[in-house]
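Student: I have a protein model to look at, and I'd like to start with one small part of it. Could you take me through that part closely and then show me how the rest fits around it?

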Amino acid sequence: MDETQNGRTSLAKGAKDIAKEAKRQTAKNVSKAVDRASDEYSTRRSYNRFQNEDEEDNNYNTYDQRDGHYADNAGNDEDEASSDATEGHDDEDEIYEGEYQGVPAHSDGKHRDGQVALGQPVSDSLKSRKELENERQADEEELAQQYELIMQECGHGRFQWQLFFVLGLALMSDGVEVFVVGFVLPSAETDMCVPNSGAGWLGSIVYLGMMFGAFFWGGLSDKLGRKQCLLISMSVNGFFAFLSSFVQGYSMFLVCRMVSGFGIGGAVPIVFSYFAEVLAREKRGEHLSWLCMFWMIGGIYASAMAWAIIPHYGWSFSMGSAYQFHSWRVFVVVCALPCVSAVVALTFMPESPRFFLEVGKHDEAWMVLKHIHDTNMRARGEPERVFTVNRIKIPKQLDELVEMQNESANPVLKVLFKIKTELRGIWLTFMKCFNYPVRDNTIKLAVVWFTLSFGYYGLSVWFPDVIKHLQADEYASRVKLHNSEHIEDFTFNFTLENQIHRNGVFLNDRFISMKFKAVTFIDSSFINCYFEDVSSVGSFFKNCTFVDSFFYNTDIDDAKLTNSRVINSSFHHNKTGCQMTFDDDYSAYWVYFVNFLGTLAVLPGNIVSALLMDKIGRLSMLGGSMVLSGISCFFLWFGTSESMMIFMLCLYNGLSISAWNSLDVVTAELYPTDRRGTGFGFCNAMCKLAAVLGNLIFGSLVGITKAIPILMASTVLVGGGLVGLRLPDTRANVLM
């Protein structure tokens, strides 16, 4: 009986042990199955569309390395069919959730136990910096070839033309900014009573702002993106350009225009980098040249607005004598409109997909490329065509050592730290522009940009003063001289213009509601005279004597009384500030019209350069245009009349525009994407530095001699053209 009981107990115990072992084995198998299923699901959810074609062909029979068995993937046909079913286009071309979710997760090359698997690549942490850079270089070369094929599949159509006009507005704003300087310079300096010693600083300070802006925004666009930096820079330009029209002091006006120039400085390097990155190779030279036409349109716009607005003195208003808003300020406001339009339009455009790929943002790049493809296909009437790109090469992302900021730090310190970090990144990228193999190209490009800009801006920005100087000589030749005149009990209520009165005596005379325009009184006496509501422009009283005279609401002050004596005379309600008038001043109209013609003269050169850019080559056009423009500039030396000077200016502008267009194209194509904005910004900064030097040098000599500045411009243009011929031809290059 006891033995039977013991047997049953042993049997029950054995059964329990067997059940526990079976349960343990079952749990183990289930865990393995779950892990295997999870791995397989993760592999197949890594978006089969981005796998290589060879991998897609082998999906039906893959080898499972964990247990050494082949796993048949035929059961996945239903899943793949389901994914394909979601792929396509609806009416609004939305991206379905099942169509694209993200890029495949990259394996780190290690098993779960931390052992390096046989045949797996070595971890990046075990490689030197040089090896990582070589791998990134190889990846960039592969991406450049693939990206060219992608852009060919996307085609050239509606999207490129939309971006063309949006970026054209930004480039137009840059052209407007350049011409605004020359047009408002005489009026602003007269309105703000700027002495001759301060004249010319307005043009120089704007170009200094543009110089720093080109370098800063161009470098920042390689870090933050083309669209974002262009939006910020154009917003800065628009705000401060608008603000500058209301400030009254010359120093504040200079500050506003300098910051405005700092903002617009980013337009040229970012615009050409941005547009070049959405163009296929066979379209790039031609359409970048067409884009340059907007700079010409900006010049025409500024010239036309100056011609229509500035000479109309009646468009101004005042609030007492302290606040004056003259017509040239209205012109400044109108010139800010293209910038505002560019900012609004740019908000609707996407970021450059090439930039996204360069910084490792595969998802965003694919989305933008699909948008480009579908926009162009819909415009062609082929909305059913599917974007077939599955997987895009991403360059290896190299880690950079960045100093971390304490989260609890002061917000101001955080902002300063962020600025410091970005500036350091810009500087490091800039130094890469002097690494092999782009170092020689950077130096040559800087020389060409400097020489071309020195000749162009040196002659063009100060050309209004050249015209005025010629007109002043002619005006002075028609001056009327009055010697030893004696006028008594006479009322002057009309305008006296272009006259010189010597040793005159004015007794009991009345000067009421009249204007002195370019009138000089020398060694004259005014006895018991009455002056009321008198305006004087370019008029002075030298070594004169005022006895028992009364002045009411006039602008005659100490600045216009040179070495004069005032005896028993009084001044009441004098006008403050410098008085401006454009009445019967046809010279102002003439200057703006001449600039309009000079800007319009570049239209044939723009058309020719766009049509021939890909046929005769960038370098031939660059060198030939600079040499020919240098020769035409040299012949300005022999210009003895206004008509001859105007004709030679138009010829010079028409010849030099081809050099500008080809230089923009070559610069955008020579630099790789990771430093394209920085390199272009540096070259454009050299351009503005040359503009500052040309502005100061040519301006200081314009009233003395024209031989030296013209000969200097001719020499540097020819020399720069010869250097440009030494640059590598980029006509057949893909964007690196």
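Student: In which helix does Leu 413 lie?

Tutor: Leu 413 lies in helix α16, which covers residues 411-432. Helices here are DSSP runs of H or I with at least four residues, strands are E runs of at least two, and the numbering starts at the N terminus. Before going on, keep in mind that this is a predicted model, where local features need pLDDT of at least 70 and side-chain atom pairs need 80 or more, while totals for chains, interfaces and linings use all residues. Residues are numbered from 1 along each chain as its sequence is written, and side-chain values use heavy atoms, leaving out hydrogens and water.

Back to your leucine. Leu 413 counts as partly exposed because its relative accessibility is 47%; buried means under 20%, exposed means over 50%, and partly exposed is in between (1.4 Å probe, protein chains only). Leu 413 also has company on the surface: together with Val 412, Val 415, Leu 416, Ile 419 and Leu 423, it forms a nonpolar patch. The accessible area of that patch adds up to about 540 Å². Patch members have over 30% relative accessible area and no salt bridge, with like charges joined within 9 Å and nonpolar side chains (Val, Leu, Ile, Met, Phe, Trp, Tyr) within 5 Å. The areas come from the Shrake-Rupley method with a 1.4 Å probe, and for residues only the protein chains shown count as cover.

Now zoom out for a moment. The protein has 736 residues, and 47% of them count as buried. Its secondary structure comes to 24 helices and 18 strands. It exposes about 35,300 Å², with carbon and sulfur atoms supplying 59% of that. Among contacts (heavy atoms within 4.5 Å) with a separation of 6 or more, 67% are between residues 24 or more positions apart.

What about charged side chains? A search of the whole structure finds 15 salt bridges, each a side-chain nitrogen of Lys or Arg within 4 Å of a carboxyl oxygen of Asp or Glu. Look at Arg 226: it forms a salt bridge with Asp 222, and their closest N and O atoms are 2.6 Å apart. Both Arg 226 and Asp 222 are buried. Arg 226 also meets Glu 277 in a salt bridge, at 2.7 Å from N to O. That pair links distant parts of the chain, with Glu 277 in the loop between α9 (267-276) and α10 (281-291), and Arg 226 in helix α7 (residues 226-244), 51 residues apart. Add Arg 676, and you have a network of salt bridges linking Asp 222, Arg 226, Glu 277 and Arg 676.

Helix α10 has a salt bridge to show you as well. Arg 284 and Glu 669 meet in a salt bridge of 2.8 Å, N to O. Arg 284 is in helix α10 and Glu 669 is in helix α22 (residues 642-670), so this pair ties together parts that are 385 residues apart in sequence. Arg 284 is buried because its relative accessibility is 1%, and Glu 669 is buried too, at 4%.

Next, try two spots with polar contacts. Lys 560 sits in the loop between β15 (550-554) and β16 (561-562). At 15% relative accessibility, Lys 560 counts as buried. Its side chain makes a polar contact of 2.6 Å with that of Ser 536. A polar contact is a pair of N or O atoms within 3.5 Å; within protein, one must be able to donate a hydrogen and the other to accept it, and residues adjacent in sequence count only if both atoms are side-chain atoms. In strand β14 (residues 545-547) you'll find Thr 545, which is buried at 13% relative accessible area. The side chains of Thr 545 and Arg 565 are joined by a polar contact of 3.4 Å.

Last stop, the cysteines. Disulfides, meaning pairs of cysteine sulfur atoms within 2.5 Å, come to zero here. Cys 687 is in no disulfide, and the nearest cysteine sulfur, that of Cys 683, is 9.8 Å away. Cys 687 counts as buried, with 1% relative accessibility.
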